[in-house]
Amino acid sequence: MACPSTDLMLDYVERRVRSDERDEVEEHVDRCSACRELTAELARITAFDRPPSAPSDDPKRIARYRIESRLGEGGMGTVYVAYDPELDRRVALKLVHPELTQLDAVERLLREGRTLARLTHPNIVTVYDAGTDDDRVYIAMELVEGDTLSAWLDSAPRHWREIVTMFVAIGHGLAAAHRTGVVHRDVKPDNVLVARNGDPKVVDFGLAGGVPTPNGEAPDPISRITQEGTVLGTPAFMSPEQWNGSDVGPATDQYSLCAALRDALGTRARPAWIDRAIERGTANDPRARFSSMTALADALDPDRRARRRRTIAIAIAAPMLLASIASVALLRSPAPHALEASCRTAAAERAALWSPIDRVAVRSSIQATGLSWANQLWARTDRNMTKYLAIVADAEAQTCAAAPRTPAALDTAKLALACLSESRTAVRTLTQRLHAVTANDVRGGLRRWFGLPEPQECTNEAFLHAQREVDSHATSSLLGDRMKRALAEARRADERGDSDEAVALARQAVDHAKQLGDPYLARALLGLGDRLFDTDLQAAEQAYRDALAATERASLDVMRVDAMLQLMKALGKQPGRERELFDLAPLVTAAANRAHKDTKAAPPVHRLLGMAHDRLGNHAEAIHHLEQALDLARARHKNPFDTRLIKYLMTLAEALERADRRGDADTLIEEALRLSEAVQGTEHEETQRLIAARNRAKPAR
């Protein structure tokens, strides 16, 4: 056979290929040195990502299943990744805790497992088998390659429609369970897995009990695992009947699903009908909720609602349409295949980014730097790239799901996809550079390489309208290309350390952008302000103010946050401007919340507030803000070797010194020094500054 594809090789390494296919791959690998090397590298990378192997006290085999690793542990039992040799597949194997198999409960657990095995639904994890091994009950289930719904919600900004659609699918899965006599009783985001194809799958029916029949008896073959009156569930999503120990039924799962949806939506703007459905689903009286889980899912389904509204509109407009049938041709929608082809192309290009080959090469390159924290750097790089591509995918999904019905709407959707192609190109360029990263690159600040475009702006109608206007004229289109090229060259001049050239190029970009409209002007002015910040603070401040005005005129939420943050930083550099900074801070916070950029904005906002209070002599207030800033920065950056933490450590240390808490200050300085030495080396300028700060602080102790 020819060399297998990378995807097939990855499936082979992770034991996801059929036995006959595996034999063919192994025969080829024996003959091909290149594929042997690739297999070894893929094995290393997947071992890095795979959960740790089962501890020595875990079983090696349960019945016919061979244990490979431990996935996790919950209230009902421990879940393992296992291999089923009879059917040649990997499964998730739940081994029920021994204490739950006492008092004749074994048969009840087996009945539940076998009932679930008869339930087939795309939004329910499939149960394959249930049995006993040395008096331990096990349940073999579908192994879902994915993460929990909680992790999915946190992994990228999510539009309300995307979240609600996910919960509608979960509702249909639970409705199928209800029809077989099973109530989940613990519906929550952590009990839902999101597969790689985006489908949610409900898991862990460990708390499930029977649906009461009209005569009050639980239907066979399901019976309760726990005694009546026992309060089971997760407090945040539990129904009133669970709290008071009353009988539960399908309405209990309705309550938990709606409570979880309300929590997932948070403060996002959404249509009022969603909140009305949630309010009904979380009524204290189960009888006041929806008649069934299917009815709830239908009430929440935005696509079903849109279809219903279109049907009503068509019924009302039918006589008018018949009277003006000749005009239908003028209103005909553009051929849907044009956008579908663009969407498929975009998805294919994105899927090829950050491939297993790229991950192997970049991980090897980073590890070859010899730095003691190379593994942490690789993990952060992998996480950042994966998260960024998830944001791009989200923006693509919003664009492609819009189903444009007019030529203008189709043009806008195509512009959005073209805008997102810049994000894909940036990822491709960055990946190529990371293939050959060196220790000096890392010590010089690898984070500056992650200046990737904001994909969210590609779904901004004002931005796309400006793009359409520019593209409609050859002269404007040429100016747009020149502006983008000038900004790119300015970034390269920055990396070379040529600040004068970078400023000159940024000014060129602004000159071009002035003829193109506010979205272009805002981007160019932000670039100019950043390059003037260290040499001409007054000019930088004016550039940020002008950029902020442009973002307001064009309703650019994400760029507005960047402009306000940079303006705050410029004010923070100037003594006597503290009151202006205090007035701006709540506006920055509100803008960040609206743009879902609060985790990005909060650390620098608190740091700037702390520095301003410190300058005014408000030491207690300063330390309060600076401690918050450090905590938020640690939570955001996670990697303990991230050099961005140094400025947070040192700003707090300096405030503590001025408050005569020099011992605490010295502790923070030592932490900053260890971080700087590990990442940047003992000869680095910042390290030398930290050594001087430490020596200044120590004699006073």
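Here's a quick tour of a helix pair, an enclosed helix and a sheet. Keep in mind that you're looking at a predicted model. Helix 14 and helix 15 cross with their axes within 9 Å, helix 27 is largely enclosed by the rest of the structure, and 6 strands build an open sheet.

**Helix 14 and helix 15**

- Helix 14 covers residues 356–367 and helix 15 covers residues 374–401; their axes cross at roughly 150 degrees.
- Because angles over 145 degrees count as roughly antiparallel, helix 14 is roughly antiparallel to helix 15.
- The crossing of these two helices is right-handed.
- On the helix 14 side, the contact uses Arg359, Val362, Arg363, Ile366 and Gln367.
- Helix 15 brings Ala374, Asn375, Leu377, Trp378, Thr381 and Asp382 to that contact.
- Sort the contact residues by class and you get 5 nonpolar, 3 polar and 3 charged.

**Helix 27**

- This helix runs over residues 644–658, and 11 of its 15 residues are buried, so the rest of the structure largely encloses it.
- Among the buried ones are Leu645, Ile646, Tyr648 and Met650, along with the charged residue Glu657.
- Just after helix 27 comes Asp660, with a positive phi of about 60 degrees.

**The sheet**

- Its strands line up in the order 1-2-3-4-6-5, with antiparallel pairing.
- Strand 1 (61–62) and strand 5 (127–133) sit at the edges with a single partner strand each, so each has one side without a neighbour in the sheet.
- Strand 3 (residues 77–84) pairs with strand 4 (residues 89–96) over 8 bridges.
- Look for Tyr83, whose bridge partner in strand 4 is Arg90.

Terms used. Residues numbered from 1 in each chain as written. Predicted model: local features only at pLDDT ≥ 70, side-chain atom pairs only at ≥ 80, totals over all residues. Heavy atoms only, no water. Axes fitted to C-alpha atoms, helices over the stretch in contact; angles between N-to-C directions. Helix = DSSP H or I, 4+ residues; strand = E, 2+ residues; numbered from the N terminus. Parallel < 35°, antiparallel > 145°, perpendicular 65-115°, else oblique. Left-handed = near helix turned anticlockwise from the far one by under 90°. Contact = heavy atoms within 4.5 Å. Buried < 20%, exposed > 50% of the residue type's maximum accessible area, 1.4 Å probe, protein only. Pairing = 2+ DSSP bridges.
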